Amino acid sequence: MKKSRTSLDRMDLNILGALQQDARLTAQELAQRLGLSASQVGRRRQRLETEGYVHHYTARLDPVALGLSVQAFIEVSMATHGIENATSFMRLIGTCREVTSAWTLTGAADYMLRCYCEDLPSLNRLIHEVLLPHPSVARVQSQIVMDQFKIDAPLPL
């Protein structure tokens with residue numbers, strides 16, 4: 001069954017919005033914010049999780065505080081397209097701890113990778129020793145983030 005935003009009521013959206021701001025909220029805290037009982041909020045939250053609206057809960061860490069001072073976006077264009085090459089490349093990306101998210105794209109590049117590295121030599125190694133040697137990679141272009149002035153925002157509900 002395909003999930004649909006239209007199957008969510010305003011209270012479901014309010015719960016999801018509050019959880020995006022602070023996933024540590026207890027059912028009691030959510031209930032106080034939203035004017036419902038803790039049991040109602042608990043049941044709704046469980047349903048939203050079960051139906052897949054909430055994928056998981058996580059903590060947002062400070063990369064600079066952890067010594068990851070270089071953030072970059074890397075566009076990758078493939079030399080050859082095929083299921084075997086794509087699967088092999090995706091498997092490679094799954095092993096790269098520096099790559100925190102990856103997307104397939106339309107346009108000039110086939111993939112966009114977001115990565116965090118300790119320093120520029122680490123980014124250089126990722127590009128020249130990991131990505132470029134892959135047999136199906138034709139081109140890699142990186143953009144180094146100078147500053148992130150808007151943090152990954154909550155989804156618009």
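**Notebook: a look through the fold, His 134 and Arg 45**

I started with burial: of the 157 residues in the protein, 31% are buried. Note to self: this is a predicted model.

**Overall build**

I counted secondary structure next and got five helices and four strands. Going along the sequence, I read the order as α-α-α-β-α-β-β-α-β. How does the radius of gyration sit against the globule rule? It comes to 20 Å, well over the 15 Å that the rule gives for 157 residues, so the protein is more spread out than a compact globule. I also boxed the C-alpha atoms along the principal axes, and they fill roughly 55 × 40 × 25 Å.

Then I checked the contacts with a separation of 6 or more. Residues 24 or more positions apart account for 65% of these.

**Surface and charge**

I looked up the exposed area and found about 10,500 Å² for the protein, with carbon and sulfur atoms supplying 55% of it. For charges, I have 17 positive and 16 negative, and their mean positions lie 8 Å apart.

**His 134**

I went to His 134 next, and found it in the loop between helix H5 (120-131) and strand S4 (137-144). Is His 134 buried or exposed? Its relative accessible area is 9%, and the cut-off for buried is under 20%, so His 134 counts as buried.

Which side chain does the His 134 side chain reach in a polar contact? The partner is Ser 136, at 3.0 Å. Setting aside neighbours within four places in sequence, I listed what else touches His 134: Asn 85, Ser 88, Phe 89 and Leu 92.

**Arg 45**

My second residue was Arg 45, which is in helix H3 (residues 38-50). I wanted to know whether this arginine is buried or exposed. At a relative accessible area of 15%, Arg 45 also falls under the 20% cut-off, so I put it down as buried.

The side chain of Arg 45 makes a polar contact of 3.3 Å with the side chain of Tyr 57. Tyr 57 turns up again in the contact list for Arg 45, which leaves out neighbours within four places in sequence. The other entries there are Leu 19, Ala 23, Leu 25, Thr 26, Ala 27 and Leu 30.

**Recap for the page margin**

His 134 is a buried loop residue with a polar contact to Ser 136. Arg 45 is a buried helix residue with a polar contact to Tyr 57.

Key. Residues numbered from 1 in each chain as written. Predicted model: local features only at pLDDT ≥ 70, side-chain atom pairs only at ≥ 80, totals over all residues. Heavy atoms only, no water. Helix = DSSP H or I, 4+ residues; strand = E, 2+ residues; numbered from the N terminus. Rg over C-alpha atoms; globule rule 2.2 N^0.38 Å. Buried < 20%, exposed > 50% of the residue type's maximum accessible area, 1.4 Å probe, protein only. Contact = heavy atoms within 4.5 Å. Areas by Shrake-Rupley, 256 points an atom, 1.4 Å probe, with all protein chains shown as cover. Lys, Arg positive; Asp, Glu negative; His and termini not counted. Charge placed at Lys NZ, Arg CZ, Asp CG, Glu CD. Polar contact = N/O pair within 3.5 Å; in protein donor to acceptor, adjacent residues only side chain to side chain.
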